[in-house]
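Work through the exercises below with the model open. Try each task before reading its solution.

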Amino acid sequence: MVPLSYYLVLSGILFACGVTGFLIKRNIITIFMSIELMLNGVNLSFVAFAARWQQLSGQVFVFFVMVVAAAEAAVGLAIIIAVFRTRETLNIDQVNLLKL
Amino acid sequence: MTPNLHLWLIPVLPLIGAAINGLFGKRFSRPTVAAVALTFCGAAFAMALWIAAQFASLSLLHIETVGTWLRSGDFTADFSFYLDQLSLVMLLVVTGVGFLIHIYSVSYMWEEGGYYRFFSYLNLFMFFMLTLVLASNYLLMFIGWEGVGLASYLLIGFWFTKDSAAAAGKKAFIVNRIGDFGFLIALFLIIKHFGSLDFQQVFSSVRPYSAETAGIGFLTAIALLLMVGAAGKSAQIPLYVWLPDAMEGPTPVSALIHAATMVTAGVYMVARSHVIFERAPTALTVVAIIGTLTAIFAATIGMAQTDIKRVLAYSTISQLGYMFLACGVGAFSMGIFHLMTHAFFKGLLFLAAGSVIHAVGGEQDMRRMGGLRTKIPWTFWTMSAGTFAIAGFWPLAGFFSKDAILFQALTSPYGSWIYWAIGLFTAFLTSFYMFRQWFMTFFGEYGGDRDHADDEHSWTGASAPHGHGHGGVHESPKVMLLPLAILAVLSVVGGWMGSERFDKFLSPVFHSGATVSAVEKATPPSFPAEGSKQEPSETFLAIVSVAVAGFGFLLAWILYHQRPELPDQIAASFHGLYHAIASKYWIDELYAVLFVKPLIAISGIVFWRGIEQGVIDATLDGSADSARELSDNLRHMQSGNVRSYAGWIAIGATAVIAYMVWVGMR
């Protein structure tokens, strides 16, 4: 049986990849994908714990996260399209109208 | 058994009048304003008369409580009103003289702007004065006390566009504050020792005490502090300086507030607190000395004044000194008697002076009057009644009360021949300066057309806002003459009841529960009881004082009628003395150097620049400045760059996780 720590390390690596991608990438689509990566890293640790402790709540939570992620993907992609239509770029550094 | 008199209505009626005129008076026509003011003031007077009419059937002392005002622990103060012989006398004087002066003002102020404002203030004054007089505890009395100060301030500064009037109002208010401070501390002491401010409770807990003959105890302290308050309100040394300046107000105000009623509040308060004063002989001596000194001091200044109203102002201070002398020798009822007669003749003198000023077109300098006897006969005759009354000629009102005071000053256990001698000399001075005024105003030649270009003391500025500048000397309208006539009659007959009967009338107030010691004789139970050997003495003293008054009359007649060039020669030969008197002994200047300027300097440097600007402003401004600086730095975090936000979130999350790991590892 694969030890719990393996899952957790993988989950941490996935999450760290997501964070790094979020921070260094400029393309909004890539950033969006990084967010999904972080969510999946979290999901992995949820199911790992659920399996380890024989509890269903972790798995239930994963379904919640998936539902939210799906909704987020729908809304987020719509926003990205709207941003592109108005500003004709997907470079996040140029979408900074809220600055001082 | 005792009927409900609705005493609370008496002060409240003028308040309603003040509210109506004050809130809506601007839209009223002048007759409406006058009608409202006269109605409510007259209603109060009518109620006072109604109460006086059923006086015989009343069981005094009569107290009516309207409700509890405040309650704090064991201490309570009620809205309750106190009717005894003393407050009945005050009630009648205040409402009666007040009502007459209201009538007079209707015509006197007719051409002035702010007519409704004037009557609103006047009614407001009546409200507070009646509260003061009818209050049944010191706290309610204090409210009235402060309120009349406020009304006085408003009315002195009635012509507030004139700097001198505004300054005089402030001076009166501030000088009164000093006195009120003493009064307030006295109240605190009373609460501390007796746990109440109610007259009945305080006096009944004071009664068991014997007189503090040896040493000075808290009763003396309370009495002295009360006297400080009385000195402020009643313009006694050293706080008298505001009253002469208060003449900047309209003349009816001077008559009502600064002669007949408000300034006598101090005398009333001392008389009301006689139970305390009788047990503090030291304080009584102080009262007598202050009264005597004030009487002669103000009288000497009065001799050299040329402004008709200022002469009367100093005369008022001097007469108030007599009242305090009476209180100080324990003859409280005589003080009140003089208060009453003084209200009549001094009110009359001021109103007549107002009529003179009105007649000569706003002029107040007596040197520019003269020869008015035939031109304004009504004013002349009424003012003559007042002048003879204040000078103490038999059988006018002033004779009886002043003579009674002088008699008491000599014979009462607290008395001394020094008080009597100074009082007698003051009576001479009073007679002299009053007749000086009388001769200068009504005899000789009319000086109004004289050229005064070389006149260095120009008082004309003081009368500038008067709107009476219509040509020719003329008699005042009948509305003004009516109160004059009534007050003239009162000045003549006001003393006829005699000091003995008056004393007897007030005796339930002043003789109930006198101390067991020698103080009992302080307010002689009755004059005949003093023994037959006092009887001729009083007659003799009366003859002496009338002779003195006659001497003053003669001197004034010689100096200001027969040989009008003499006063200037005398003034020239006693130049230094005359100058000192004419400059009012430089007391105002002395106070300016001793108190006013240092206070202004301290206020400017320490309180304004030091504390206000340096501490309070600096703290507030400093905290606001530092908050702005901090946020100025912090706002750079809000770059608008999504990735930098994400970075901050990451850093924050890391910090939280690190903290929790650290907590978990500990």
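**Exercise 1. The salt bridge**

Task: Which residue forms a salt bridge with A:Asp93, and how far apart are the closest N and O atoms?

Solution:
- This is a predicted model, so every distance here is computed from it.
- The partner of A:Asp93 is B:Arg643. Their closest N and O atoms lie 2.9 Å apart.
- The cut-off is 4 Å, so the pair qualifies.
- Count next: chain B and chain A share 1 salt bridge.
- On the side of chain B that touches chain A, 2 residues are charged, 5 are polar and 2 are nonpolar.
- Polar contacts are counted as well: 2 residue pairs between chain B and chain A, both residues at pLDDT 80 or more.

**Exercise 2. The interface**

Task: How many residues does each chain bring to the contact, and what area do the two chains bury?

Solution:
- Chain A brings 12 residues, chain B 9.
- Together, chain B and chain A bury about 900 Å². Carbon and sulfur atoms account for 62% of that.
- Now split the share of chain B. B:Gly640, B:Val642 and B:Arg643 supply 53% of the area it buries against chain A, more than any other three residues.
- B:Arg643 is thus one of these three and also the salt-bridge partner of A:Asp93.

**Exercise 3. The cysteines**

Task: How many disulfides does the structure hold? Is A:Cys17 buried or exposed, or partly exposed?

Solution:
- Over all chains there are 0 disulfides.
- A:Cys17 has a relative accessible area of 42%, so this residue is partly exposed.
- B:Cys41 has 0%, so B:Cys41 is buried.

Methods: Residues numbered from 1 in each chain as written. Chains lettered and ligands numbered in written order. Predicted model: local features only at pLDDT ≥ 70, side-chain atom pairs only at ≥ 80, totals over all residues. Heavy atoms only, no water. Disulfide = S-S within 2.5 Å. Buried < 20%, exposed > 50% of the residue type's maximum accessible area, 1.4 Å probe, protein only. Contact = heavy atoms within 4.5 Å. Buried area = accessible area lost by both parts, 1.4 Å probe. Salt bridge = Lys/Arg side-chain N within 4 Å of Asp/Glu carboxyl O. Polar contact = N/O pair within 3.5 Å; in protein donor to acceptor, adjacent residues only side chain to side chain. Nonpolar A, V, L, I, M, F, W, Y, C, P; charged D, E, K, R; others polar.
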